[in-house]
Amino acid sequence: TPDAPAVKPTPETVATGRYPLSRPLYLYFNRGPDGKAQAAAAGFLRFVLSDEAQAMISQQGFVALPPAELAAQRNLVE
């Protein structure tokens, strides 16, 4: 709002939602008949959710997933 202080776009303010101009990146994939991700998709998702990939995301200036969200998403892949 015009009378509110400005918020810098830092990883912390983006992750907490205080900086309003951000958006999530969604990854969609088809599940197999058993309800699980197919092997190639599961491997890709495991990599995206790995500590290595999250570090790469941060190095590129993007905001990595907060630890609680990262753990929840990892549980969904398994």
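Which side chains meet in a salt bridge? The side chains of R74 and D51 do, with 2.9 Å from N to O, a salt bridge being a side-chain nitrogen of Lys or Arg within 4 Å of a carboxyl oxygen of Asp or Glu. R74 lies in helix 4 (residues 67–77) and D51 in helix 3, so the pair ties together parts that are 23 residues apart in sequence. The structure holds one salt bridge.

This is a predicted model, in which local features need pLDDT of at least 70 and side-chain atom pairs count only at pLDDT 80 or more, while totals for chains, interfaces and linings use all residues. Residues are numbered from 1 along each chain as its sequence is written, and side-chain values use heavy atoms, with hydrogens and water left out.

**Confidence and terms**

The mean pLDDT of the protein is 89, and 100% of its residues reach 70 or more, pLDDT being the predictor's confidence in each residue, from 0 to 100. Confidence is lowest in helix 1 (residues 11–16), where the mean is 85, and highest in helix 3 (residues 51–59), where the mean is 94. Helices are DSSP runs of H or I with at least four residues, numbered from the N terminus.

**The salt-bridge partners and L49**

The two partners of the salt bridge are covered to unlike degrees: R74 counts as partly exposed at 30% relative accessibility, whereas D51 counts as exposed at 56%. Here buried means under 20% relative accessible area, exposed over 50%, and partly exposed in between, with a 1.4 Å probe and protein chains only.

R74 is also one of the residues touched by L49, which lies in the loop between helix 2 and helix 3. With a relative accessible area of 10%, L49 is buried. Leaving out residues up to four places away in sequence, L49 touches Q54, L65, L70, Q73, R74 and V77, where contact means heavy atoms within 4.5 Å. For L70, the C-alpha atom is separated from that of L49 by 6.7 Å, although the two residues are 21 residues apart along the chain.

**Helix 1 and the segment before it**

T13 is found in helix 1 and counts as buried at 7% relative accessibility. Its contacts, not counting residues up to four places away in sequence, are V7, K8, R18 and Y19. T10, in contrast, has its place in the segment before helix 1 and counts as partly exposed at 30% relative accessibility.

**Aromatic pair and nonpolar patch**

A search of the whole structure finds one aromatic pair. The rings of Y26 and Y28 have centres 6.3 Å apart and planes at 35°, so the pair is tilted; rings of Phe, Tyr and Trp (its six-membered ring) pair if their centres lie within 6.5 Å, and planes under 30 degrees apart count as stacked, over 60 as edge-to-face and the rest as tilted. Y26 is exposed, with a relative accessible area of 57%, and Y28 is exposed as well, with a value of 75%.

A nonpolar patch on the surface is formed by L25, L27 and F44, which together have about 350 Å² of accessible area. Such patches are made of residues with over 30% relative accessible area and no salt bridge, where like charges are joined within 9 Å and nonpolar side chains (Val, Leu, Ile, Met, Phe, Trp, Tyr) within 5 Å; accessible areas come from the Shrake-Rupley method with a 1.4 Å probe, and for residues only the protein chains shown count as cover. Of the patch members, F44 is found in helix 2 (residues 39–48) and is partly exposed, with a relative accessible area of 46%.

**Separations along the chain and in space**

Two residues of helix 4 appear in the table below: E69, which counts as partly exposed at 35% relative accessibility, and A68, which is exposed with a relative accessible area of 64%.

| Pair | Separation in sequence | C-alpha to C-alpha |
|---|---|---|
| E69 and A55 | 14 residues | 15 Å |
| A68 and Q38 | 30 residues | 25 Å |
| T10 and M56 | 46 residues | 17 Å |
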